[in-house]
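Dear colleague,

I am handing over the structure below, together with some notes on what turned up in it. Please read the notes with the coordinates open beside them.

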Amino acid sequence: MQVRPKEVAEKIGEVTQAWSDLRPAKSFAGMTLDQFKAAVKPSIDARNAIDSLDNQLIAAQDQRAAADIESMKQILLMVNAVKGDPEEGEDGELYEAMGYVRKSERGSGLTRKTNGTTTPAPA
């Protein structure tokens, strides 16, 4: 039988709340309310640990995003320095190895747009 974690958490809360509100002193299945709470505590603790890890993940992702912004600034600074270096320039192999297209290999940017219809070439 597959149990959904969210449903288990809700059910633990419902049972515990109803028991503590209506029959806090009564025992069921040989257990007091405190014994029941102790029995379901590992489930609650695991959920709390997951929530904590989720929050840590979100914080780490935010830190990464902030660090990536600074890293991109540093990358741009380095690439611009390579482009401005008289021995390297934007037509050098280092510039290309950094993932950029050499100036001599760039296209002109000219494109000839068509309207979608083509005429057949004469035979």
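What follows goes from the overall form of the chain to its core, its surface and its charged pairs.

Please keep in mind throughout that this is a predicted model, and that every value below was computed from it.

Overall form

The secondary structure consists of three helices and zero strands, and read along the sequence the chain follows the pattern α-α-α. The radius of gyration is 33 Å, well over the 14 Å that the globule rule gives for 123 residues, so the chain is more spread out than a compact globule. Along its principal axes the C-alpha trace spans about 95 × 55 × 25 Å. Of the 123 residues, 10% count as buried, and residues 24 or more positions apart account for 17% of the contacts in the chain with a separation of 6 or more. The accessible surface of the chain comes to about 10500 Å², and 57% of that area belongs to carbon and sulfur atoms.

The core and helix α2

Which residues make up the largest nonpolar core? It has five residues, namely I12, W19, L33, F36 and V40. Helices α1 (5–22) and α2 each supply at least two residues of this core, and the largest share, three residues, comes from α2.

Two further residues of α2 may be useful as reference points. S43 has its place in this helix, which covers residues 33–84, and S43 is partly exposed because its relative accessible area is 23%, where buried would mean under 20%. Leaving aside neighbours within four places in sequence, S43 is in contact with V8 and I12, and I12 is also one of the residues of the core described above. I44 likewise lies in helix α2 and, at 36% relative accessibility, counts as partly exposed.

Both residues also give a sense of the distances within the model. The C-alpha atoms of S43 and G109 are separated by 62 Å, with their positions 66 residues apart along the chain, while I44 and L94, which are 50 residues apart in sequence, are 56 Å apart in space, C-alpha to C-alpha.

A nonpolar patch on the surface

L94 returns in a second setting, since M72, I75, L94, M98 and Y100 form a nonpolar patch on the surface. Together these residues have about 430 Å² of accessible area. Y100 is found in the segment after α3, the helix of residues 93–97, and Y100 is partly exposed, with a relative accessible area of 32%.

Charged pairs

How many salt bridges does the count come to? The count comes to five salt bridges, and three of them are described here, beginning with the pair R4 and E7.

The side chains of R4 and E7 meet in a salt bridge at 3.0 Å, N to O. R4 is exposed, with a relative accessible area of 57%, whereas E7, at 41% relative accessibility, counts as partly exposed.

The side chains of E90 and R106 also meet in a salt bridge, at 3.3 Å, N to O. E90 lies in the loop between α2 and α3 and R106 in the segment after α3, so this pair ties together parts that are 16 residues apart in sequence. E90 is partly exposed, with a relative accessible area of 23%, and R106 counts as partly exposed at 39% relative accessibility.

E96 forms a salt bridge with R102, where the closest N and O atoms are 3.1 Å apart. E96 is partly exposed, with a relative accessible area of 34%.

A backbone detail

One residue in a loop deserves a separate entry. A29 has a positive phi of about 55° although A29 is not a glycine. A29 is found in the loop between α1 and α2, and at 79% relative accessibility A29 counts as exposed, because the cut-off for that class is over 50%.

With kind regards

Note on methods
Residues numbered from 1 in each chain as written. Predicted model: local features only at pLDDT ≥ 70, side-chain atom pairs only at ≥ 80, totals over all residues. Heavy atoms only, no water. Patch = residues over 30% accessible without salt bridge, like charges linked within 9 Å, V, L, I, M, F, W, Y side chains within 5 Å. Areas by Shrake-Rupley, 256 points an atom, 1.4 Å probe, with all protein chains shown as cover. Salt bridge = Lys/Arg side-chain N within 4 Å of Asp/Glu carboxyl O. Helix = DSSP H or I, 4+ residues; strand = E, 2+ residues; numbered from the N terminus. Buried < 20%, exposed > 50% of the residue type's maximum accessible area, 1.4 Å probe, protein only. Contact = heavy atoms within 4.5 Å. Rg over C-alpha atoms; globule rule 2.2 N^0.38 Å. Core = buried A, V, L, I, M, F, W, Y, C linked by side-chain atoms within 4.5 Å.
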